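Please look at the sequence and the model that follow, and keep both at hand while reading. The paragraphs below start in the interior, move on to the ligand, and end with a few single residues and the chain as a whole.

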Amino acid sequence: MSNAIKPETIQVIEDRHSVKVYEKGYVIPQEDMDLILSAANAAPSGWNLQHWKFLVIDDEAKKQELLPIAYNQNQVGDSSFTVAILGDLEANKNAVPVYDALVEAGGMSAEIRDTLIGQINGAYEHPGVARDSALSNASLAAMNLMLAARALGYDTCPMGGFDHKAFVEHFNVPERYIPVMLITVGKAAKPAYASGRFPLSEAVIKNSF
Ligand SMILES: Cc1cc2nc3c(=O)[nH]c(=O)nc-3n(C[C@H](O)[C@H](O)[C@H](O)COP(=O)(O)O)c2cc1C
C-alpha cells in the first residue's frame, strides 16, 4: 500500500481543511446540496436510530440573523449556506419506524424487533445516554457532510463557536434536538490556515495504556 496511489477517499480526507473565507454569493446547485446532505444522512448510527436533523440556512436574511449568534464569524455570512447539525435527544423514538420497516421488508422477525426496541428504550433510561448518543452520532453525520462537500470541490468549516441558547431560540429548535455544531459550506476564496497534527506515534496507543 505504501507505494500505491492514495485511494480517492483518503485524498479527500487529507484535502479537507477548515476554510474561513468564501466567495460571497457563490450558489451551490441544489443537486450538489442534496448530495452533500445525503452523504451526511448516510452516516452510521447506534441501532440505526439516525440521531440527526440538518437545519440548512441558505436564505440571505437568515444568514445575517445567524451572524451575531455565531459571534460574527464572517464565514457564516459569506459561505453559500450553513448547516446546523442537530442531535436527537429522543432518538429511541426512531426505533419503531426503523425496525417496523425491517420487519415489513422481511429482514427481521417481529419478536426480534420487540426485543430490540425494549433494549433501546431501556438504554435511554440511563442518565447521559440520550445526550451522549445525540452528540456522537450526529458528529459522524457532520464529518460525512464535510467530506462529501470536499469531494464535490467545496469547502467547509465546522463551528462550535456560537451561542447555542440563542440559536435554539432564534431558529425555533424543538426541545427534542440539541445543536451539535454549525458547518459552513461554500467555495473557498482563501485557503484555510495551516493546521498540523500531533504525530501518529503520540496519537496511537497499541493494545493498552
Ligand atoms: C467541534 C469543532 C468546533 C470548531 N469551532 C470553530 C469555530 O467556531 N470557528 C472556527 O473558525 N473554526 C472552528 N473549528 C475549526 C477548527 O479550528 C479546525 O478544525 C482545526 O483548527 C483544524 O484545522 P483543519 O480543520 O483545517 O484541519 C471547529 C472545529 C471543530 C471540530
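**From the core outwards**

In this predicted model, the largest nonpolar core is made of 21 residues, and those with the most contacts inside it are I85, L145, I183 and V185. Four elements each give two or more residues to this core, namely helix 2 (30–41), strand 3 (81–88), helix 7 (129–151) and strand 5 (177–186). Of these, helix 7 gives the most, with six residues. A reader who wants to see how such a core is joined up can take I85 as a starting point and leave aside its neighbours within four places in sequence: I85 is then in contact with K53, F54, A138, A142, L145, I178, P179, V180, M181 and I183. Apart from this core lies another one, of 18 residues, which includes V19, I57, L66 and M159.

The next place to look is the ligand. Which residues are closest to the ligand? Among the 13 residues that surround it, the closest are S18, Q73, G160, G161 and R197. Sorted by class, this shell has seven polar, three charged and three nonpolar residues, and strand 4 (residues 155–159) gives the most to the shell, with three residues. Some of the atom pairs can be followed one by one: an N or O atom in the side chain of Q73 is 2.7 Å from a nitrogen atom of the ligand, while a polar backbone atom of P158 is 3.0 Å from a nitrogen atom of the ligand. For G161, a backbone N or O atom lies 2.9 Å from an oxygen atom of the ligand. Taken alone, the ligand exposes 620 Å², and the protein buries 62% of that area.

Away from the ligand, two residues deserve a look for their backbone angles. Most residues other than glycine have a negative phi. N172, although it is not a glycine, has a positive phi of about 55°, and N207, also a residue other than glycine, has a positive phi near 70°. N172 is found in the loop between helix 8 (164–170) and strand 5, whereas N207 has its place in the segment after helix 9 (200–203). Are these residues buried or exposed? N172 counts as exposed because its relative accessible area is 65%, over the 50% that the term requires. N207 is likewise exposed, because its relative accessibility is 86%.

A further residue to find is E104, which has its place in helix 5 (residues 95–104). E104 counts as exposed because its relative accessibility is 74%. It can be set beside A138, one of the residues in contact with I85: E104 and A138 are 34 residues apart in sequence, and their C-alpha atoms are 27 Å apart in space.

Finally, the whole chain can be taken in at once. The protein chain has nine helices and six strands, and its C-alpha trace spans about 55 × 50 × 40 Å along its principal axes. Of its 209 residues, 38% count as buried, and its accessible surface comes to about 12000 Å², of which 56% belongs to carbon and sulfur atoms. Among the contacts between residues at least 6 apart in sequence, 80% join residues that are at least 24 apart.

Terms used
Residues are numbered from 1 along each chain as its sequence is written. Side-chain values use heavy atoms; hydrogens and water are left out. Buried means under 20% relative accessible area, exposed over 50%, partly exposed in between (1.4 Å probe, protein chains only). A nonpolar core is a set of buried Ala, Val, Leu, Ile, Met, Phe, Trp, Tyr and Cys residues joined through side-chain atoms within 4.5 Å. Contact means heavy atoms within 4.5 Å. A residue is near a molecule or strand if one of its heavy atoms lies within 4 Å of it. A polar contact is a pair of N or O atoms within 3.5 Å; within protein, one must be able to donate a hydrogen and the other to accept it, and residues adjacent in sequence count only if both atoms are side-chain atoms. Accessible areas come from the Shrake-Rupley method with a 1.4 Å probe; for residues, only the protein chains shown count as cover. Ala, Val, Leu, Ile, Met, Phe, Trp, Tyr, Cys and Pro count as nonpolar, Asp, Glu, Lys and Arg as charged, and the others, Gly among them, as polar.
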